[in-house]
Amino acid sequence: MHKDIIKFIRDIYKTEEFIPLHEPRFRGNEKKYINECIDSTFVSSVGKFVDQFEASVSEFTGAKYAIATVNGTAALHIGLLLADVQSNDEVITQPLTFVATANAISYCNAHSIFVDVDMDTMGLSPEKLSDFLKLNTELINGNCVNKTTKRIIKAVVPMHTFGLPTRIDEIVDICNKHHINVVEDAAESLGSYHKNQHTGTFGLVGTLSFNGNKTITTGGGGMLITNDEALAKKAKYITTTAKVPHQWDYNHDLIAYNYRLPNLNAALGCAQMESLPEFLKSKQKLAKIYSNFFSKNSSIDFIEPTVNSISNFWLNAIKLESLEARNEFLKVTNENGVMTRPIWKLMNSLPMFASAQCGNLDNASALENRIVNLPSSVI
Ligand SMILES: *Cc1c(COP(=O)(O)O)cnc(C)c1O
């Protein structure tokens, strides 16, 4: 059976060579813009491509403001600071995510709490979040206080897993009720929509990643998106070493960060944004091909977005029947040069987050053992 799947994937990519999980495509103006950038000498943190890249992401997502950063993790770090996450605060996120989400919380000297995901979206579950908050917190002086630790829960970070939008509107409603800010980790979901609104624009701030394996890439890069002008200004300020604007004087008034995306990377980003609509079309087509194929296979489910959402299908995912079936699938495909990968290990099982408070994680645990990503590069 796995031989059929390998042949099927080889036919899609029309190659007998190694097939990676996700590789970038440079089919447009990438070289042209990078040459322009070098010729201009503005290869570092000042230059027209950074502004252009920000404008194009802002226009594409519908967010009023976009602030480019050196990577998605840096964007998350700043996003949490904008949400007023301070030392010893707590931040709720999902246990099924890339480690950057939980790392960024630790960069703020805050503590992660892990709450379960929904089975279908594989993203933070509104019901589980609501249950956790009702059971474990109380509102004191306008703050959501954890009854067990007495710490303030300052933010919730939902993540749109593999580009599948989570029930973000419900999560925002719950957080508003409990006086908690939402920082949306939309690193994987550029081009994904929930109820026709772009992911990353529901919360106080959203963050994107343009790492080499994401839907579009700048080599390394990230972006903060928000509709709040004051937050956008602050984001720009603390990602550029809090340099006080002045024609010639050189002054700083905060310990801040050198997180600004270089112009060279932004040049790549401008070209990639031009290709994004074509990439998304191709990814929809690929997902349909996979979906049709697996609909004939009773032991493997292809993961689809909910009816209210559009996925960018950054990484296609299937659910196998058991841990044993999953391991066999991973072994056979990878041994035959078709790269597949299990979903992440739960964050609370990693040594640095092992002591984190957790809700009931039944869904995340079930998914951890059964979900596998398939080759998903643009065809
Ligand atoms: C890729 C990714 C990030 C950010 O990654 P960078 O490599 O720092 O750009 C953050 N969260 C999730 C869920 C991701 O997949």
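This passage describes the surroundings of the ligand and of residue E90 in a predicted model.

The ligand is surrounded by 16 residues, and the closest of these are G72, T73, E188, S209 and K214. Three of these residues place polar atoms beside oxygen atoms of the ligand. For G72, a polar backbone atom lies 2.8 Å from an oxygen atom of the ligand. For S209, an N or O atom of the side chain is found 2.7 Å from a ligand oxygen atom, and for K214 the corresponding distance from an N or O atom in the side chain is 3.2 Å. Taken alone, the ligand exposes 380 Å², of which the protein buries 92%.

The space taken by the ligand is the second largest pocket. Two or more residues of the shell around the ligand are given by each of helix 4 (72–82) and helix 5 (99–107). Helix 4 gives the most to this shell, with three residues.

Residue E90 was examined separately. E90 belongs to strand 2, which spans residues 90–93. With a relative accessible area of 2%, E90 is classed as buried because this value falls under 20%. The side chain of E90 takes part in a polar contact of 2.8 Å with the side chain of N146, and a polar contact of 3.1 Å joins the side chain of E90 to that of R151. Not counting residues up to four places away in sequence, E90 touches N146 and R151 as well as H111, I113, T149, I152, I153, K154 and A155.

Technical notes:
Residues are numbered from 1 along each chain as its sequence is written. This is a predicted model: local features need pLDDT of at least 70, side-chain atom pairs count only at pLDDT 80 or more; totals for chains, interfaces and linings use all residues. Side-chain values use heavy atoms; hydrogens and water are left out. Helices (H or I, at least four residues) and strands (E, at least two) are DSSP runs, numbered from the N terminus. Buried means under 20% relative accessible area, exposed over 50%, partly exposed in between (1.4 Å probe, protein chains only). A polar contact is a pair of N or O atoms within 3.5 Å; within protein, one must be able to donate a hydrogen and the other to accept it, and residues adjacent in sequence count only if both atoms are side-chain atoms. Contact means heavy atoms within 4.5 Å. A residue is near a molecule or strand if one of its heavy atoms lies within 4 Å of it. Accessible areas come from the Shrake-Rupley method with a 1.4 Å probe; for residues, only the protein chains shown count as cover. On a 1 Å grid over the protein atoms alone, a cavity is a set of points where a 1.4 Å probe fits but cannot get out, and a pocket is an open set with protein on both sides within 12 Å along at least five of seven lines; lining residues have an atom within 4 Å of a point. A molecule sits in a cavity or pocket if more than half of its atoms lie within 2 Å of its grid points.
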